[in-house]
Amino acid sequence: MGRITTTRLSWSVEGRRLLDAIDMAAPDGKVTGLLGPNGSGKSTLLRLLAGLRRPGTGTVRYDDVDLSALGRRALARRLAVVEQDVTAHHRVTVRQVVELGRTPFRGRFDAPAAHDRRTVDAALERTDLTGRQHRDWHTLSGGEKQRAQLARALAQEPREILLDEPTNHLDIRHQLELLDLLTSLDVSCVVALHDLNLAARYCDHLVLLRHGRVVAAGAPDAVLTPDLIADVYGVEVLVDREPATGTLRVTYLSTTTRTAAVPAPRPGPG
Ligand SMILES: Nc1ncnc2c1ncn2[C@@H]1O[C@H](COP(=O)(O)OP(=O)(O)OP(=O)(O)O)[C@@H](O)[C@H]1O
């Protein structure tokens with residue numbers, strides 16, 4: 001497990017600042033939810049955390065180590081990334097996709113060792129894909145592909161996992177199973193989510209973005225307030241607790257024009 005932090009992290013493209021001085025911390029061993037409307041910068045932030053984009057300014061740290069000082073292989077040995085809508089270009093089976101999670105631990109020409117096989121078997125089992133492991137990747141449904149990507153991430157035995165809307169193709173049962181699984185792992189997770197009720201139920205810590213800036217961060221009951229949700233999403237909500245479980249519950253009432261007052265993002269370098 002490791003703590004992920006960013007300091008004054010910014011990223012711009014074509015003169016538009018898409019992330020603006022992001023200070024965030026994803027606590028060790030916890031599930032951190034990234035929230036925010038479409039285009040608020042969740043995927044861009046995840047890509048910077050994953051080292052897939054280089055920060056314009058600012059830093060990303062894994063524990064106390066700057067991401068730029070971690071080699072690619074060292075990073076791949078601790079960090080798993082589950083992106084949205086991954087496509088495979090070659091004919092591969094589900095098991096071969098999951099076996100990719102073992103690549104950082106093997107020499108280029110090594111056959112999978114017993115530990116690699118056991119880890120892949122366990123990852124397939126935990127994502128309910130054992131029965132589909134020999135299927136061609138292209139024959140899977142969207143939800144099965146998403147579960148296979150999670151299985152690949154688990155096969156990596158990571159200390160940290162970054163996930164971009166991992167529930168968007170999943171039916172209700174698999175959404176709950178995936179998030180139950182994430183919360184049961186001894187791993188620090190950062191997960192972009194749209195569903196505020198799933199965020200309330202499964203995340204220990206939330207970071208709410210708007211126009212590439214952090215507008216609130218903290219425990220779900222500090223972030224999921226009617227005022228913040230109306231300001232950021234333009235939706236009036238009722239927030240209470242579900243009586244049977246005590247979980248925070250967000251009920252959507254109506255859209256509002258309150259977000260119209262939000263200033264446009266600043267242009268800027270870096
Ligand atoms: N490479 C790029 N070039 C130009 N604009 C980009 C690039 N990448 C992202 N953007 C823009 O940056 C903004 C943030 O995008 P991002 O995908 O990070 O948002 P998001 O919060 O993940 O959105 P969604 O909820 O719709 O997935 C959007 O306006 C997007 O169009």
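The paragraphs below lead through this predicted model, from the overall form of the chain to one sheet, the surroundings of the ligand and a hairpin.

The protein chain is built from 9 helices and 12 strands. Its C-alpha atoms occupy a box of roughly 60 × 45 × 30 Å along the principal axes, and its radius of gyration is 19 Å, which agrees with the value near 18 Å that a compact globule of 270 residues would have. Of these 270 residues, 37% count as buried. Among the contacts in the protein chain with a separation of 6 or more, 68% are made by residues that stand 24 or more positions apart in the sequence.

A good place to begin a closer look is an open sheet of 4 strands, in which the order is β2-β1-β4-β5 and the pairing is antiparallel. The edges of this sheet are formed by β2, residues 16–26, and β5, residues 65–66; each of them has a single partner strand, and therefore one side of each is left without a neighbour in the sheet. At the β5 edge, strand β4, which covers residues 57–62, pairs with β5 in the antiparallel sense over 2 bridges, and Arg61 has Asp66 of β5 as its bridge partner. Helix α1, residues 42–49, packs on the sheet, where it touches β1 (4–13), β2 and β4, and the direction of α1 makes about 65 degrees with that of β2.

The helix that packs on this sheet also takes part in surrounding the ligand, since α1 gives the most to the ligand's shell, with 3 residues. The residues around the ligand are Val13, Leu18, Gly36, Asn38, Gly39, Ser40, Gly41, Lys42, Ser43 and Thr44. By character, the shell divides into 2 nonpolar residues, 7 polar residues and 1 charged residue.

Further along the chain, strand β9, residues 205–210, and strand β10, residues 213–218, run antiparallel and are joined by 5 bridges. Within this pair, Leu209 stands opposite Val214 of β10. The two strands, β9 and β10, form a hairpin with 2 residues between them, and in the turn His211 has a positive phi of about 50 degrees.

Methods: Residues numbered from 1 in each chain as written. Predicted model: local features only at pLDDT ≥ 70, side-chain atom pairs only at ≥ 80, totals over all residues. Rg over C-alpha atoms; globule rule 2.2 N^0.38 Å. Buried ≥ 20, exposed ≤ 12 C-beta atoms within 10 Å, placed from the backbone. Contact = placed C-beta atoms within 7 Å. Pairing = 2+ DSSP bridges. Axes fitted to C-alpha atoms, helices over the stretch in contact; angles between N-to-C directions. Near = placed C-beta within 6 Å. Nonpolar A, V, L, I, M, F, W, Y, C, P; charged D, E, K, R; others polar.
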